[in-house]
Amino acid sequence: MALRIRVDRTTVEAFVGEGRYVHTHQAFGLPGDDRLASYSSGGPAVFKDMTILEYQLR
């Protein structure tokens, strides 16, 4: 099942199954946070066919 995640300065949105399930979370990083990390909690996970795109706001 496909998972699409969109992140901006204060919002993380996850879309599963072509948008059938959606979760939105507001997050405020600490000063200096400028990285993205993938991890699992409670067991192993496989991250494959991952594409990361950066969008520039105009």
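So, to kick off: how many helices and how many strands does the protein have? The count is 0 helices and 3 strands. Keep in mind that what's on the screen is a predicted model. Going from the N terminus, the elements simply read β-β-β. And the chain is more spread out than a compact globule, because its radius of gyration is 13 Å, well over the 10 Å that the globule rule gives for 58 residues. If you like box dimensions, the C-alpha trace spans about 30 × 25 × 20 Å along its principal axes.

Okay, let's look at the hairpin. Strand β2, residues 11–16, runs antiparallel to strand β3, residues 21–26, and 6 bridges join the two. For one cross-strand pair, have a look at Glu13, which stands opposite Thr24 in β3. Between β2 and β3 there are 4 residues, and in that turn you'll find Gly17 with a positive phi of about 60°.

Now, what about burial and contacts? Of the 58 residues, just 2% count as buried. As for contacts with a separation of 6 or more, residues 24 or more positions apart account for 0% of them.

On to the surface. The accessible surface comes to about 6200 Å², and carbon and sulfur atoms hold 52% of that. For charges, we've got 7 positive and 7 negative, and their mean positions lie 5 Å apart.

So, to wrap up: three strands and no helices, a β2–β3 hairpin, and 2% of the residues buried. That's it from me.

Definitions and conventions
Residues are numbered from 1 along each chain as its sequence is written. This is a predicted model: local features need pLDDT of at least 70, side-chain atom pairs count only at pLDDT 80 or more; totals for chains, interfaces and linings use all residues. Side-chain values use heavy atoms; hydrogens and water are left out. The radius of gyration is taken over C-alpha atoms; the globule rule is 2.2 Å times the number of residues to the power 0.38. Buried means under 20% relative accessible area, exposed over 50%, partly exposed in between (1.4 Å probe, protein chains only). Contact means heavy atoms within 4.5 Å. Accessible areas come from the Shrake-Rupley method with a 1.4 Å probe; for residues, only the protein chains shown count as cover. Lys and Arg count as positive and Asp and Glu as negative; His and the chain ends are not counted. The place of a charge is taken as NZ of Lys, CZ of Arg, CG of Asp or CD of Glu. Two strands pair if DSSP finds at least two bridges between them.
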